[in-house]
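Biologist: I would like to go through this structure with you, a few residues and helix pairs at a time. Please give the reasoning before each result.

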Amino acid sequence: MKRTLRLLRAVSLVLLTCAVAPAEDKGLGWNPAHAGGYLDERQKEWFVFDSRGEGATRSTCLSCHTVLPYMLSRPVLRKITASAAPSEAEGKLLAQTRMRVESWDRLDTPPFGLFYDDSDQKKAESWGTEAVFNALVLAFDDRDRGRSSPSDATRLAFSHLWATQVQTGELRGAWRWLDFSEPPWGSKDSTYFGAALAAIAVGTAPGYYTPGADADTDARVLLLRDYLRTGLDRENLHNQAWALWAGSTLDGLLTQEEREKVISRLVDKQHDDGGWSLSSLGPWARNDGTAQDTASDGYATGFVLHVLQIAGVPKTNAKVARGLDWLKTNQSPAGEWRGASVVKKRDPATHVGKFMSDAATAFAVLALSH
């Protein structure tokens, strides 16, 4: 009898261990559950840190460094970990996005609030930036849900997107973008990044864009293509990588020669350890006078590897494989990958100091998910 009880306990222990075995035991070489835990916790902190509006219409900014990467990567993590239900933060952010899309004409009022409204210029930049973000978030959500056509909210978001597209001048075809002199996503040069995001949204939304189906949409997409193509050679490598992603999503954006040129430039920036550094992807100088971090970091490595794979470079490619190995060996025990700011030297233990690690973790997940 005692022997039987010991055997049953042993079997139960084995079954329990199998049930809670972390994902890295399955041979992934990294821990998706820990990455998800880090991202979820950071999103909770962001809800507290940044919000606008009042009462039931209060919402949080779809930030380039934390929220947008979170919304791109969290559904991917759910698939890897076989979690059917969206996280609480995902559901909250999607509900807020749909609310703001449906209330678009009232965003410049106290109950809702623009991203930034301290000047007419910042208001215009806020309208343009949010129009792009909303369309992108809802396009990816439609795709992740397996829809064959855009939801009503997504179609409405695209109508706002085209309504805010610049029609004249040097920004013709792009959107006015929030400029805080904070690269790589919040500076004057980031306007190109925003346009690439818009192209990715158009190419991602299931069943949204069919050339020739709607003359007005064709004209808008043509303006966007012209802006991205004519400016490609002038842009820093970080922006060119976003254009490569866009060109791999929206047909006719880049020629094969242009695609291969950007791929070659990205591969050439790989470090001997297999990673990439953000500081090598643009001509940035920190505004506090400190030297840029040149070591491989999680954001640059994850982002470049994600884009290369989207562009058709297989994970079996020697350069990509070495980069993925770098990611697998550089996840922290807490679940995140570290990123470094090109704006100033920041304490990585602070909330603001974690912004680049938020993006790094999200893009590392995207790179490893292919």
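**Loops, helix pairs and cores**

Modeller: The model is a predicted one. To begin with a loop residue, S181 has a relative accessible area of 52%, so S181 is exposed.

Biologist: Where is S181, and what is its phi?

Modeller: S181 sits in the loop between α6 and α7. Most residues other than glycine have a negative phi. S181 is not a glycine, yet its phi is positive, at about 60°.

Biologist: Which peptide bond is cis, and what is its omega?

Modeller: Most peptide bonds are trans. P184 lies in the loop between α6 (152–163) and α7. The bond that leads into P184 from P183 is cis, with omega near 10°.

Biologist: Is A82 buried or exposed?

Modeller: A82 belongs to the loop between α3 and α4. A82 has a positive phi of about 55° although it is not a glycine. The cut-off for exposed is over 50% relative accessible area. A82 has 69% relative accessibility, so A82 counts as exposed.

Biologist: How are α3 and α4 oriented to each other?

Modeller: Two packed helices are described by the angle between their axes and the distance between the axes. Helix α3 covers residues 67–80 and helix α4 residues 88–102; their axes come within 10 Å and cross at roughly 130°. The crossing of α3 past α4 is left-handed. At that angle, α3 and α4 are therefore oblique.

Biologist: Which residues of α4 meet α3, and how many residues of each class are in the contact?

Modeller: From α3, the residues in the contact are V67, Y70, M71, R74, P75 and R78, and from α4 they are A89, E90, L93 and L94. By class, the contact of α3 with α4 holds no polar residues, three charged and seven nonpolar.

Biologist: How are α4 and α5 oriented to each other?

Modeller: The axes of α4 and α5 are 10 Å apart, and the packing angle is about 125°. The crossing of α4 and α5 is left-handed. From the angle, α4 and α5 are therefore oblique.

Biologist: Which residues make that contact, and how many are nonpolar, polar and charged?

Modeller: On the α4 side, the contact uses L94, T97, R98, R100 and V101; on the α5 side, E130, N134, V137, L138 and D141. The contact of α4 with α5 divides into two polar, four nonpolar and four charged residues.

Biologist: Is F133 buried or exposed?

Modeller: F133 is part of helix α5 (residues 120–144). Leaving out residues up to four places away in sequence, F133 touches L62, S63, C64, L68, F115, W177 and L197. The cut-off for buried is under 20% relative accessible area. F133 has 2% relative accessibility, so F133 counts as buried.

Biologist: Is R220 buried or exposed?

Modeller: R220 lies in helix α8 (residues 215–231). Not counting residues up to four places away in sequence, R220 touches W162, Q165 and Q167. With the limit for buried set at under 20%, R220 has 19% relative accessibility and therefore counts as buried.

Biologist: How are α7 and α9 oriented to each other?

Modeller: Helix α7 (residues 190–204) packs on helix α9 (residues 237–249) with axes 8 Å apart and an angle of about 15°. The crossing of α7 and α9 is left-handed. Angles under 35 degrees count as roughly parallel. α7 and α9 are therefore roughly parallel.

Biologist: How many residues of each class does the contact of α7 with α9 contain?

Modeller: The α7 side includes Y192, F193 and A196, and the α9 side includes N239, W242 and W245. The contact of α7 with α9 has no charged residues, four polar and ten nonpolar.

Biologist: Which helix gives the largest share of the largest nonpolar core?

Modeller: The largest nonpolar core has 100 residues, of which F158, W242, Y299 and W337 touch the most other members. Eleven residues, the largest share of this core, come from helix α13 (residues 355–368).

Biologist: Which residues does F158 touch, and which residues are among the six of another core?

Modeller: Not counting residues up to four places away in sequence, F158 touches A135, A139, A201, V202, A205 and Y208. Apart from the largest core lies another core of six residues, among them M99, W104, L107 and L114.

Conventions. Residues are numbered from 1 along each chain as its sequence is written. This is a predicted model: local features need pLDDT of at least 70, side-chain atom pairs count only at pLDDT 80 or more; totals for chains, interfaces and linings use all residues. Side-chain values use heavy atoms; hydrogens and water are left out. Helices (H or I, at least four residues) and strands (E, at least two) are DSSP runs, numbered from the N terminus. Buried means under 20% relative accessible area, exposed over 50%, partly exposed in between (1.4 Å probe, protein chains only). Contact means heavy atoms within 4.5 Å. Axes are lines fitted to C-alpha atoms, for helices over the stretch in contact, and angles run from 0 to 180 degrees between N-to-C directions. Angles under 35 degrees count as roughly parallel, over 145 as roughly antiparallel, 65 to 115 as roughly perpendicular and the rest as oblique. A crossing is left-handed if the near helix is turned anticlockwise from the far one by less than a right angle, and right-handed if clockwise. Ala, Val, Leu, Ile, Met, Phe, Trp, Tyr, Cys and Pro count as nonpolar, Asp, Glu, Lys and Arg as charged, and the others, Gly among them, as polar. A nonpolar core is a set of buried Ala, Val, Leu, Ile, Met, Phe, Trp, Tyr and Cys residues joined through side-chain atoms within 4.5 Å.
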